[in-house]
Amino acid sequence: MTSKIVSRDVNLWYGEKQALKDICLEIPENKITALIGPSGCGKSTFIRCLNRMNDLVNNIRIEGQILYDNIDIYGKDVDVVELRKSIGMVFQKPNPFPMSIYDNVAYGPRIHGQRNIDKIVENSLKDAALWEEVSERLDQPALGLSGGQQQRLCIARTLAMKPDVILFDEPCSALDPISTGKIESLMEGLKDNYTQVIVTHNMQQAARISDCTAFFLLGELIEMGETKRIFEMPQEKSTEDYITGRVG
Ligand SMILES: Nc1ncnc2c1ncn2[C@@H]1O[C@H](COP(=O)(O)OP(=O)(O)OP(=O)(O)O)[C@@H](O)[C@H]1O
Ligand SMILES: [Mg+2]
């Protein structure tokens, strides 16, 4: 199994407060990796390190290395805009731009001077399992879509940038079970071509869709392994307590 991203001894502080402690893990290529753990354990902080989204936070200090295809993403020659194009992100709350459905998806490719925008928009919407619902109304406002449709639009917008890795931070927590099911099956469909990392509070979701699971607690990585193994035979008591719902 090839590792797409490797975290080596990552420590992170917000001011005086340490939020990540010696995180060492490997994210396998073209698999779905789930990050689980109780609120405040550092899941979002960690996932945001992977495409340097945390750079935007004041008073933050990061030590250690994150290697993406063996390149240190915190190295001085790294182009952060390119990095975030390769490692896209989908957030908890769908956040379409206040423009048409078409323009939401076309936005990034246009900025990057791509040609054949119509085709990129169509393919991205198809891959995000939204095309059939919106193909007749591409010029209408994205904010007129349902929450679940908006989230798939945000995924289409990410796909339009032709990323290599997609980070999802609780992408379904604002969605109903049907929309959640659609997002899960679209993630399944993306598996062969993308490395995906998902933060989720939903244990069934982690068990259903991920290949690997990493359990975080109080800023530490407690254990990581094949999802089936983590859920059926956790090595640590704290993992077992969390996945069986005794804490968190
Ligand atoms: N911008 C920030 N400034 C200061 N502290 C922060 C900041 N963002 C997060 N923290 C703190 O870092 C710790 C980890 O937060 P983080 O958001 O990564 O947790 P999480 O596991 O994603 O939680 P949740 O499941 O609630 O989303 C928490 O104690 C949080 O209060
Ligand atoms: Mg979070």
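# Exercises on a predicted model

Trp131 touches Glu122, Leu125, Lys126 and Leu138, leaving aside residues up to four places away in sequence. The model is predicted. Work through the exercises with the structure open.

## Exercise 1: Trp131

Task: find the helix that holds Trp131, then state how far Trp131 is from Met161, C-alpha to C-alpha.

Solution.
- Step 1. Locate the residue. Trp131 sits in helix α5.
- Step 2. Count along the chain. Trp131 and Met161 are 30 residues apart.
- Step 3. Go to space. Their C-alpha atoms are separated by 17 Å.
- Step 4. Look at the neighbours. Glu122, Leu125 and Lys126 are among the residues that Trp131 touches. Leu125 also appears among the buried residues of α4, as does Glu122.

## Exercise 2: the whole chain

Task: decide how the radius of gyration of the protein chain compares with that of a compact globule.

Solution.
- Step 1. Take the expected value. For 248 residues, a compact globule would have a radius of gyration near 18 Å.
- Step 2. Take the value of the model. The protein chain has 18 Å, so the two agree.
- Step 3. Add the dimensions. The C-alpha trace spans about 50 × 40 × 35 Å along its principal axes.
- Step 4. Add the burial. Of the 248 residues, 50% count as buried.
- Step 5. Check the contacts. Among contacts with a separation of 6 or more, 66% join residues 24 or more positions apart.
- Step 6. Note the elements. The chain has 10 helices and 10 strands.

## Exercise 3: surface and charge

Task: state what share of the exposed area comes from carbon and sulfur atoms, and how far apart the mean positions of the charges lie.

Solution.
- Step 1. Start with the area. The protein chain exposes about 11,900 Å².
- Step 2. Split by atom. Carbon and sulfur supply 47% of that area.
- Step 3. Count the charges. There are 28 positive and 35 negative charges.
- Step 4. Compare their centres. The two mean positions are 3 Å apart.

## Exercise 4: helix α6

Task: explain why α6 is described as largely enclosed.

Solution.
- Step 1. Set the limits. Helix α6 covers residues 147-159, which is 13 residues.
- Step 2. Test the length. From first C-alpha to last, α6 reaches 18 Å, close to the 18 Å expected at 1.5 Å a residue.
- Step 3. Apply the cut-off. Buried means under 20% relative accessible area.
- Step 4. Count. In α6, 12 of the 13 residues are buried, so the rest of the structure largely encloses this helix.
- Step 5. Name some. The buried residues include Gln150, Arg152, Cys154 and Arg157.
- Step 6. Find the partners. The buried residues of α6 pack against the strands β6 (87-90) and β7 (165-169). They also pack against the helices α3 (101-111), α4 (117-127), α5 (131-134) and α7 (177-190).
- Step 7. Check from the other side. The buried residues of α4 pack against α3, α5 and α6.

## Exercise 5: positive phi

Task: place Asp22, Lys162 and Ala129 in the chain and give the phi of each.

Solution.
- Step 1. Recall the background. Most residues other than glycine have a negative phi.
- Step 2. Take Asp22. It lies in strand β2 (residues 17-28), with phi near 45°.
- Step 3. Take Lys162. It lies in the loop between α6 and β7, with phi near 50°. Lys162 counts as exposed, because its relative accessibility is 60%.
- Step 4. Take Ala129. It comes just after α4, with a positive phi of about 55°.

## Exercise 6: Gln65 and Ile209

Task: classify Gln65 and Ile209 as buried, partly exposed or exposed, then list contacts of each.

Solution.
- Step 1. Gln65 is in strand β4 (residues 60-68). Its relative accessible area is 28%, so Gln65 is partly exposed.
- Step 2. Gln65 and Val10 are 55 residues apart along the chain, yet 6.2 Å separates their C-alpha atoms. Beyond residues up to four places away in sequence, Gln65 touches Val6, Ser7, Arg8, Val10 and Asp72.
- Step 3. Ile209 is in helix α8 (residues 203-209). At 4% relative accessibility, Ile209 is buried.
- Step 4. Ile209 and Lys31 are 178 residues apart in sequence and 9.7 Å apart, C-alpha to C-alpha. The residues that Ile209 touches include Ile32, Glu184 and Met187.

Methods:
Residues numbered from 1 in each chain as written. Chains lettered and ligands numbered in written order. Predicted model: local features only at pLDDT ≥ 70, side-chain atom pairs only at ≥ 80, totals over all residues. Heavy atoms only, no water. Helix = DSSP H or I, 4+ residues; strand = E, 2+ residues; numbered from the N terminus. Rg over C-alpha atoms; globule rule 2.2 N^0.38 Å. Buried < 20%, exposed > 50% of the residue type's maximum accessible area, 1.4 Å probe, protein only. Contact = heavy atoms within 4.5 Å. Areas by Shrake-Rupley, 256 points an atom, 1.4 Å probe, with all protein chains shown as cover. Lys, Arg positive; Asp, Glu negative; His and termini not counted. Charge placed at Lys NZ, Arg CZ, Asp CG, Glu CD. Expected span 1.5 Å × (residues − 1).
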